[in-house]
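Please work through the exercises below with the sequence and the model at hand. Each task is followed by a solution that goes step by step.

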Amino acid sequence: MAPRLQGELAADGSLTLSIWGAGEVGRLRPEGLHGPFVAGPNRLEGRGGGLYAAQSAPALALKGARADDVWPSGIGGFIVEPRGPDVVIAIGADEAEAAAALRLDVAAIVAEAGAHVARCDLAPTGEPLLRSMVLQGAHAALSSVRQDRRGGFAGLAAGLIYSNPPRTYFRDGYWTLQLLLRVAPDVVTAEIELLAGQISPEGEAPSAAIVGGAHAEAFEERRLADAAFAAIHWRPGEFWSDHFDSPLFFVLALADHVAATGDDTLARRHWPKLVAIYRRYLPLRGPAGLPVKPHNDRDWADNVARDGLVAYDLGLWVGALDALARLGPSIDPPLADAARDEAGAARAAIAALWRGDRYADYVRPDGWTEAHLALDALMLLRFDAAPDGHARAMLEACRAGLESRRNADQPHGDFGMLCAWPPFADHGALRAKSTFPFRYHNGGEWPWLDAVYAAERLRRGLPGWRYPLLRWWEVCLEHGWAGPVEHYSVPYGRGSLLQAWSSLPAATALAHMAAIEAGDAEG
């Protein structure tokens, strides 16, 4: 993935190329590339040649190889031009964009690919497994930065398959910006500005904002013509309206931006939206004084209809309240004070979710409890909504029950982390991929959640961080997945390649590098 171009070189040797916002433009088969290969971000080098993707235009070069079985899709521009012993391939939303990209010569494309690899190598002194994880994680984050054909910012892509319609997520964007704040804070500013446009006056936000391109136009046409479709995507520019967690991620993103840059201009500009978000959740409070999630599947676990007091969402709520309390004293002191009081009350009330050695996944309004271990409940720890004793007990429960290497009751061996165990008890709450145990939200492996768990061990000085931080990456390498994947499970395979929020393990490693280099990994 590069700002406009994205593609996949499959194990059978076929290369599929797409343009952001327009879709697949063509396929071909590179011939003459010989291994062994060294795979790097947007670069594959072998004996006497390789494949290199440019950054400044949607073009790539094949050095020492030829292009066979060229198959244009009929969408956009797709030009394959031999250059002596090499080949340049240029694509675009139309022939004009492809022709402009064709102006790059092979040397320039190779140089741009090399510069991108160097930019991603953020842990050059790390041991090889850690270094490669950070390098490929940085690539996943940086290559998610999309551009329109005029070079303007067009959002952060969630992953390789998230381009129809082209969209940028509140949730995925938040976890991706943890790395981008280190290396590209201007991109984070642009992402926040883009997402701000999808915050309604009532403080509501969709799962994702749709950005421009032919696919976006087709999506809007369908929304206007199909009442059932419009019942899911309520307003123009929205992908999956009214997600319970999205507004909270917007608050957290602004607070993280201020903390990283020392500049609260963005927070001041969007303060009315933050006020609207705060006021949106107050009427949702139930008897415990905590926001009650409606019976729907509109948070990150979007194949599970969780309702009531959901630990994941409550962690975000406390984090957002703390963010408002930090940002507000110089902008809106009364609201800052109110948010601080609300956070204190929320922390006390969250104790009702405690079940011996863990926080319940969720407790319904009728009292029924999904009490299994769930990694996303660690939002309560990440945003300091849990007392230290409960936090440490839950981390040990996760170590025993969610690290596959220690869980003798699951049948799939040592593959990394389970996001939940045992599987959901309420089968009626599940749909689609999460219907199956060990798949997706129902026990699948999610690198971003691994990073949340690893970070909580690292910041508390606990051993046992190495397994969640790196085991998933070992599995990616064992399968030949060159880049962080969205999720995977042993019986069902993987999700999207180059998933942007799967850069969170790399961001976590960089944030805790001193402890990683000095500390005991396992204990």
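The exercises treat aromatic pairs, charges over rings, two single residues, cavities and pockets in this predicted model.

**Exercise 1. Classify the aromatic pair of Tyr169 and Phe239, and state which parts of the chain the pair ties together.**

Step 1. A search of the whole structure finds 23 aromatic pairs, and Tyr169 with Phe239 is one of them.

Step 2. A pair of aromatic rings is described by the distance of the centres and the angle of the planes. For Tyr169 and Phe239 the centres are 6.3 Å apart and the planes stand at 75°. Planes over 60 degrees apart count as edge-to-face, and the pair of Tyr169 and Phe239 is accordingly edge-to-face.

Step 3. Tyr169 belongs to strand β13 (residues 167–169) and Phe239 to strand β15 (residues 238–239), so the pair ties together parts 70 residues apart in sequence. Both Tyr169 and Phe239 are buried.

**Exercise 2. Classify the pair of Phe436 and Tyr492 in the same way, and decide whether each residue is buried, partly exposed or exposed.**

Step 1. The ring centres of Phe436 and Tyr492 are 5.6 Å apart, with 40° between the planes, and the pair is tilted.

Step 2. Phe436 is in the loop between β21 (420–421) and α15 (447–459), while Tyr492 is in the loop between β22 (488–489) and β23 (493–494). The pair links distant parts of the chain, 56 residues apart.

Step 3. Buried means under 20% relative accessible area and exposed means over 50%. Phe436 has a relative accessible area of 36%, so Phe436 is partly exposed. Tyr492 has a relative accessible area of 36%, so Tyr492 is partly exposed.

**Exercise 3. Identify the residues that ring pairs link into a cluster, and the arginines placed over a tyrosine ring.**

Step 1. The cluster linked by ring pairs consists of Tyr174, Trp175, Phe249, Trp300, Tyr440, Trp446, Trp448 and Trp501.

Step 2. Arg280 lies over the face of Tyr281, 5.4 Å from the ring centre. The charged end of Arg405 sits over the ring of Tyr467, at 4.1 Å from its centre.

**Exercise 4. Describe the surroundings of Gly237 and Ser246.**

Step 1. Gly237 is located in the loop between α7 (227–230) and β15. Residues up to four places away in sequence aside, Gly237 touches Gln198, Ala208, Ala209, Ile210 and Glu220.

Step 2. Tyr488 is 251 residues from Gly237 along the chain, and their C-alpha atoms are separated by 30 Å.

Step 3. Ser246 lies in helix α8 (residues 246–261). Its relative accessibility is 1%, so Ser246 counts as buried. Apart from neighbours within four places in sequence, Ser246 is in contact with Phe170, Ala205, Pro206 and Ser207.

**Exercise 5. Count the cavities of 30 Å³ or more and describe their linings.**

Step 1. The count comes to two cavities.

Step 2. The largest cavity holds about 60 Å³ of space. Its lining includes Trp300, Arg306, Asp361, Asp376, Cys419 and His441, and by class has eight nonpolar, one polar and three charged residues.

Step 3. The second largest cavity has a volume of about 40 Å³. Among the residues that line the second largest cavity are Phe170, Tyr174, Glu191 and Phe249. Two or more lining residues each come from α4 (170–183), α5 (185–196) and α8, and α4 gives the most, with four residues. The lining of the second largest cavity divides into seven nonpolar, one polar and one charged residue.

**Exercise 6. Describe the two largest pockets by volume, central residues and lining class.**

Step 1. About 1,200 Å³ of space lies in the largest pocket. Of its 44 lining residues, Leu9, Ala39, Arg43, Leu44 and Ala482 lie nearest the centre. Elements that each supply at least two residues of this lining include β1 (5–9), β3 (23–31), α3 (128–142) and α16 (466–479). By class, the lining of the largest pocket has 26 nonpolar, twelve polar and six charged residues.

Step 2. The second largest pocket contains about 560 Å³ of space. It is lined by 21 residues, of which Tyr174, Gln178, Asp256, Arg382 and Phe383 are the closest to its centre. Elements giving two or more residues to the lining of the second largest pocket are α4, α8, α11 (311–327), α15 and α17 (504–511). This lining comprises nine nonpolar, four polar and eight charged residues.

Methods. Residues are numbered from 1 along each chain as its sequence is written. This is a predicted model: local features need pLDDT of at least 70, side-chain atom pairs count only at pLDDT 80 or more; totals for chains, interfaces and linings use all residues. Side-chain values use heavy atoms; hydrogens and water are left out. Rings of Phe, Tyr and Trp (its six-membered ring) pair if their centres lie within 6.5 Å; planes under 30 degrees apart count as stacked, over 60 as edge-to-face and the rest as tilted. Buried means under 20% relative accessible area, exposed over 50%, partly exposed in between (1.4 Å probe, protein chains only). A charge sits over a ring if NZ of Lys or CZ of Arg is within 6 Å of the ring centre and within 35 degrees of the ring normal. Contact means heavy atoms within 4.5 Å. On a 1 Å grid over the protein atoms alone, a cavity is a set of points where a 1.4 Å probe fits but cannot get out, and a pocket is an open set with protein on both sides within 12 Å along at least five of seven lines; lining residues have an atom within 4 Å of a point. Grid points are joined across faces, edges and corners, and a volume is the space filled by probe spheres set on the points. Ala, Val, Leu, Ile, Met, Phe, Trp, Tyr, Cys and Pro count as nonpolar, Asp, Glu, Lys and Arg as charged, and the others, Gly among them, as polar.
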